[in-house]
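Q: I should like to learn how the pockets, the cavity and the ligand surroundings of a structure are read. May we work through an example together?

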Amino acid sequence: MQRTPIIAGNWKMNKSLQESVAFAQELATHLANVAGVEQVVCPTFLALAAVADALKGTSIAVGAQDAHWEAQGAYTSEVSAAMLEGIAQYVIIGHSEVRAYLNETDERVNKKIKAALAYGLKPIVAVGESLEQNEAGETESFVSGQVRAALDGIDAANMQNIIFAYEPIWAIGTGKNASGEIANQVIGGTIRATLASLYGDAIAQTIRIQYGGSVKPDNMAEYMSQPDIDGALVGGASLKVDDFKKLVEVAAQQKGG
Ligand code: PGA
């Protein structure tokens, strides 16, 4: 099964409005000739519309870092999926930092995915275990539980528009990346297997699943050479043009075409 690889840069709370636009423009000139890989950047909400404008007509799509499930209302500080319609194409949902610092729950993740789909956004759903869970041998049951909870009530017809990202919490921003083999094991053996048990193997084989957590130009090939890993969700290395470009190029070499 040939799945188009997808590399998404999660800028987190980095770059001012001006820096975001300038960075996006520079990235677009550097990535103009790379085909066969979907490229996404996820700026802060502040810069999202301006970056989307700057990237119009380029091969780079724009994603939000979160989205509320209600269309509008008394939810101070929030931005809804409805408001992102027509501006962003993707939205990260359930990032471990949102789960840890902003009280994100599996139930809210599920509602946000449904709202994103309703407004034409493609959710990038982040799942992953903590170091304690990993050391206690709970990775499989925990991650599988997160996937099931995220997809509660979502039918097979929507699955082509959902992307998963396996991000072991102990590997995010720590420089301690999971080995390609271990990441592939969780992505294929746990996440894709869970998707297969929910929707059947044929559908599971078409769903893209990224790895995330300290992905860098020098370890990208290790991930992209794994059969079940379909790209990367990248924090730190997405903030430098040269690094992000290399990640996209490695994905194109190993998975493209
Ligand atoms: P990192 O972040 O690449 O800096 O580890 C990944 C993420 O949080 O999505």
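**The ligand and its surroundings**

A: In this predicted model, a polar side-chain atom of His 95 lies 2.7 Å from an oxygen atom of the ligand. A polar side-chain atom of Glu 167 is likewise placed 2.7 Å from a ligand oxygen atom. The backbone takes part too: a polar backbone atom of Gly 235 is 2.8 Å from an oxygen atom of the ligand. Of the 280 Å² of accessible area that the ligand has on its own, the protein covers 96%.

Q: Which residues around the ligand come nearest?

A: A residue is counted as near when one of its heavy atoms lies within 4 Å of the ligand. Here 13 residues surround the ligand, and those that come nearest are Lys 12, His 95, Glu 167, Gly 173 and Ser 214. Sorted by class, this shell holds four nonpolar, seven polar and two charged residues.

Q: In which pocket does the ligand sit?

A: The ligand occupies the second largest pocket, whose volume is about 180 Å³. Its lining consists of 19 residues, and Lys 12, Gly 173, Val 234, Gly 235 and Gly 236 lie nearest the centre of the pocket. By class, the lining of this second largest pocket comprises seven nonpolar, nine polar and three charged residues.

Q: What is the volume of the largest pocket, and which residues lie nearest its centre?

A: The largest pocket has a volume of about 540 Å³. Among its 20 lining residues, Phe 45, Gln 65, Asp 66, Val 98 and Leu 102 lie nearest the centre. Two elements, helix H4 (96-101) and helix H5 (106-118), give two or more residues to this lining. H4 gives the most, with three residues. The lining of the largest pocket divides into eight nonpolar, six polar and six charged residues.

Q: How does a cavity differ from a pocket, and how many cavities of 30 Å³ or more are found here?

A: A pocket is open, whereas a cavity is a space in which a probe fits but from which it cannot get out. The search of the whole structure finds one cavity of 30 Å³ or more, and the largest cavity contains about 40 Å³ of space.

Q: Which residues line the largest cavity?

A: The lining includes Gly 94, His 95, Ser 96, Arg 99, Gln 146 and Glu 167. H4 and strand E5 (122-127) each supply at least two residues of the cavity lining. By class, the lining of the largest cavity has four nonpolar, five polar and two charged residues. His 95 and Glu 167 thus appear in this lining and also among the residues that come nearest the ligand.

Notes. Residues numbered from 1 in each chain as written. Predicted model: local features only at pLDDT ≥ 70, side-chain atom pairs only at ≥ 80, totals over all residues. Heavy atoms only, no water. Polar contact = N/O pair within 3.5 Å; in protein donor to acceptor, adjacent residues only side chain to side chain. Areas by Shrake-Rupley, 256 points an atom, 1.4 Å probe, with all protein chains shown as cover. 1 Å grid on protein atoms, 1.4 Å probe; cavity = no way out; pocket = protein on both sides within 12 Å on 5 of 7 lines; lining within 4 Å. Sits in = over half its atoms within 2 Å of the grid points. Nonpolar A, V, L, I, M, F, W, Y, C, P; charged D, E, K, R; others polar. Points joined across faces, edges and corners; volume = space filled by probe spheres on them. Helix = DSSP H or I, 4+ residues; strand = E, 2+ residues; numbered from the N terminus.
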